[in-house]
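Hi,

Here is the model I promised to pass on to you. Have a look at it first, and then read on for what turned up when I went through it.

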Amino acid sequence: MTGPPAKGFRQLRKEKALQAVRSEIIFSSEQEQQYQTDGYVLLGQVLSESGLTEARSQLDRMIGQLHPDLQPDEIFSAHQMEPWLMELISAPALLDIVEKAIGPNIVVWSSHLICKPPQTGRAIPWHQDATYWNIAGKMTSIWLALDDVDDGNGTMYVLPGYHTGKPLARRDRTDDFFDEEINPTALPKDVDQRQIGYFLKAGQAGMHHVMIPHRSPVNSSKDRWRRVLVVRYMSADGDMALNQYPDYRTKEMFDRKFVLVRGEDVLGRGLERFQSNELPING
Ligand SMILES: O=C(O)CCC(=O)C(=O)O
């Protein structure tokens, strides 16, 4: 049983005059510079009020359908089966920002809904994404809060300026979810002072570089969820690396699909193309 088919924002838009991603997000040259220098940048309010309400309700439906063996922080690449998510992550206003980071030919490489329930939401140790993924090429992640997030409910922390050097030394962990972490001796001694927390309101987002060290604590709050969508975008000429993920509803494995959401399939790989229909409501 997987429940009724999910609708896309496209269909919901017709029904409810919905525009999920605000078309007037500003991404200034100072923000672009900050991304280059620090390896992350905050983007302000990305979702419209109606977009946030709709995304939360879709996500709650999905969490209700979650396979009992999976945790709510293990919903991988659900945009491949959830049209609303595919449309959200390919909204032109978001891609305009992603383009500043990785160029004009953009593939959705994966997405991850990392939802931490109150009291039980897990920590993620310091790590650099690229060292896990066996990829090469320009890549960036949009981190979108669907709840207000802070230290208490397990937000993310980044270590600015550490995305340009060699990968930091790692050590093994005995944990299925995260089997490696940056060795604490490779982090600066004053990491607690240097780290920057994403203390965001629901609907706000940040963008982080694939090599920036980052982590998140447990959700220690009594009753606040931490629901976050992370989307990984890669330049269409990148080295993409095959992978499989469990379907969040059935645990059946499916192949990661590389979806071209802007620009050209420059290496002629036969990438599937998806074009968002999201336009301003009055457009
Ligand atoms: O959101 C988090 O808790 C961590 C996110 C993360 O590890 C990532 O975006 O790569």
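Let me start with Tyr157, which counts as buried because 20 other C-beta atoms lie within 10 Å, and 20 or more is the cut-off for that class. Please keep in mind throughout that this is a predicted model. Tyr157 sits in strand S6, which covers residues 157-158. Which residues does Tyr157 contact once its neighbours within four places in sequence are left aside? They are Gln195, Ile196, Gly197, His214, Arg215 and Ser216. For Ile196, the C-alpha atoms of the pair are separated by 5.3 Å, although the two residues are 39 apart along the chain.

Those contacts make a good way into the sheet. S6 belongs to an open sheet of four strands, in the order S4-S11-S6-S9, with antiparallel pairing. The edges are taken by strand S4 (124-127) and strand S9 (196-197); each has a single partner strand, so one side of each has no neighbour in the sheet. Between S6 and S11, which run antiparallel, there are two bridges. Val158 has His214 as its bridge partner in S11.

His214 also leads to the ligand. The residues around the ligand are Ile114, Ile124, Asp129, Ser141, Trp143, Met156, His214, Ser216, Val228 and Val230. Strand S5 (139-145), strand S11 (214-216) and strand S12 (226-235) are the elements that each give two or more residues to this shell. By character, the shell divides into six nonpolar residues, three polar and one charged. His214 and Ser216 thus appear twice in this story, as members of the shell and as contacts of Tyr157.

Next, a helix. H3 covers residues 49-64, and at 1.5 Å a residue its 16 residues should span 22 Å; the C-alpha atoms at its ends are 23 Å apart, which agrees. Its buried residues are Gly51, Leu52, Glu54, Ala55, Gln58, Leu59 and Met62. Looking down the axis of H3, these buried residues fall within an arc of 165 degrees, so they line one face of the helix. On the face turned away from that buried side, you will find the exposed residues Glu49, Ser57 and Gly64.

Another residue to look at is Arg262, in strand S15 (residues 259-262). Is Arg262 buried or exposed? With 22 other C-beta atoms within 10 Å, Arg262 is buried, because the class begins at 20. Apart from its neighbours within four places in sequence, Arg262 is in contact with Leu95, Glu99, Pro104 and Ile106. Phe178, by contrast, is 84 residues from Arg262 in sequence and 32 Å from it in space, C-alpha to C-alpha.

Finally, two loop residues whose backbone angles you may want to look at. Gln119 is not a glycine, yet its phi is positive, at about 70 degrees. Gln119 lies in the loop between strand S3 (106-116) and S4, and it is exposed, with 12 other C-beta atoms within 10 Å. Ala241 also has a positive phi, near 60 degrees, in a residue other than glycine. The loop that holds Ala241 runs between S12 and strand S13 (244-246). Ala241 counts as partly exposed, with 14 C-beta neighbours inside 10 Å.

Happy to go through any of this with you.

Best wishes

How values were computed. Residues are numbered from 1 along each chain as its sequence is written. This is a predicted model: local features need pLDDT of at least 70, side-chain atom pairs count only at pLDDT 80 or more; totals for chains, interfaces and linings use all residues. A residue is near a molecule or strand if its C-beta atom, placed from the backbone, lies within 6 Å of it. Ala, Val, Leu, Ile, Met, Phe, Trp, Tyr, Cys and Pro count as nonpolar, Asp, Glu, Lys and Arg as charged, and the others, Gly among them, as polar. The expected span of a helix is 1.5 Å times one less than its number of residues. The arc is that of the directions from the helix axis to the C-beta atoms. Two residues are in contact if their C-beta atoms, placed from the backbone, lie within 7 Å. Two strands pair if DSSP finds at least two bridges between them.
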